[in-house]
Amino acid sequence: MKTLDHMTNLDRAYLLARLFPQELKAMTEFIKKEAEFWLDHKPEIEKKWTEKHIDVNLWYEFIANFERRYLKNGTRIYRNKRTFRDQLFDGYDALFAINATIHYTEQKGCSQEFKYAIFMLFGTEKLININLNP
């Protein structure tokens, strides 16, 4: 097994899927809801976007790619560990999945063990943090 600092996002996602297969469905469904949230609030988010490292249009491309992969693969995403890894955590599109995964740790349904594993593999800070409160 590779050391953590030599693991790619694909390696980390596959390890997470192998350690916590029972958590994949809930987390995948959360990522889907997260994509819907971003799409539902797109005009508001575009106005409040302050991130300098990722353009808002590029971020929405990542979300659109997730949506396409989710529609194409359906339940295979959380039933097959390799599909989970390949469809959600490959390339730059992984940035959206990682952001949503870290956000998932704030949900009541996320077990402590799963939360700590996510933190260990992907960190504790979301990549994009948008506050829509007035």
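**Tyr60, its aromatic partners and the H4–H6 crossing**

Tyr60 touches Trp38, Leu39, His41, Lys42 and Ile45, leaving aside residues up to four places away in sequence. The model is a predicted one, and in it Tyr60 belongs to helix H4, a helix that spans residues 56-73. Aromatic pairs number 13 in a search of the whole structure, and the points below take up the surroundings of Tyr60, two of the ring pairs, and the way in which H4 meets helix H6.

**Tyr60 and its surroundings**

- With a relative accessible area of 7%, Tyr60 falls under the 20% limit and is therefore buried.
- Measuring from C-alpha to C-alpha, Tyr60 and Ala35 are 9.1 Å apart in space, although 25 residues separate Tyr60 from Ala35 in sequence.

**Aromatic pairs**

- Among the 13 aromatic pairs of the structure, Phe30 and Tyr104 have ring centres 5.4 Å apart and planes at 55°, so this pair is classed as tilted.
- Because Phe30 lies in helix H2 (residues 24-40) and Tyr104 in helix H7 (residues 94-104), the pair ties together parts of the chain that are 74 residues apart in sequence.
- Phe30 counts as buried at 12% relative accessibility, and Tyr104 likewise counts as buried, at 4% relative accessibility.
- Trp38 and Tyr60 form an edge-to-face pair, for which the distance is 6.4 Å centre to centre and the angle between the planes is 75°.
- This pair, too, links distant parts of the chain, with Trp38 in helix H2 and Tyr60 in helix H4, 22 residues apart; both Trp38 and Tyr60 are buried.
- Trp38 and Tyr60 also belong to a cluster linked by ring pairs, whose other members are Trp49, Trp59, Phe62, Phe66, Tyr70 and Phe96.

**Helix H4 against helix H6**

- The axes of H4 (residues 56-73) and H6 (residues 81-88) come within 10 Å of each other and cross at roughly 155°.
- Since angles over 145 degrees count as roughly antiparallel, H4 and H6 are therefore roughly antiparallel to each other, and H4 passes H6 in a right-handed crossing.
- On the H4 side the contact is made by Phe66, Arg69 and Asn73, which meet Thr83, Asp86, Gln87 and Leu88 in H6.
- Sorted by class, this contact of H4 with H6 comprises 2 nonpolar, 3 polar and 2 charged residues.
- Phe66 appears in both settings, being one of the H4 residues that meet H6 and one of the members of the ring-pair cluster.

Definitions and conventions:
Residues are numbered from 1 along each chain as its sequence is written. This is a predicted model: local features need pLDDT of at least 70, side-chain atom pairs count only at pLDDT 80 or more; totals for chains, interfaces and linings use all residues. Side-chain values use heavy atoms; hydrogens and water are left out. Axes are lines fitted to C-alpha atoms, for helices over the stretch in contact, and angles run from 0 to 180 degrees between N-to-C directions. Helices (H or I, at least four residues) and strands (E, at least two) are DSSP runs, numbered from the N terminus. Angles under 35 degrees count as roughly parallel, over 145 as roughly antiparallel, 65 to 115 as roughly perpendicular and the rest as oblique. A crossing is left-handed if the near helix is turned anticlockwise from the far one by less than a right angle, and right-handed if clockwise. Contact means heavy atoms within 4.5 Å. Ala, Val, Leu, Ile, Met, Phe, Trp, Tyr, Cys and Pro count as nonpolar, Asp, Glu, Lys and Arg as charged, and the others, Gly among them, as polar. Buried means under 20% relative accessible area, exposed over 50%, partly exposed in between (1.4 Å probe, protein chains only). Rings of Phe, Tyr and Trp (its six-membered ring) pair if their centres lie within 6.5 Å; planes under 30 degrees apart count as stacked, over 60 as edge-to-face and the rest as tilted.
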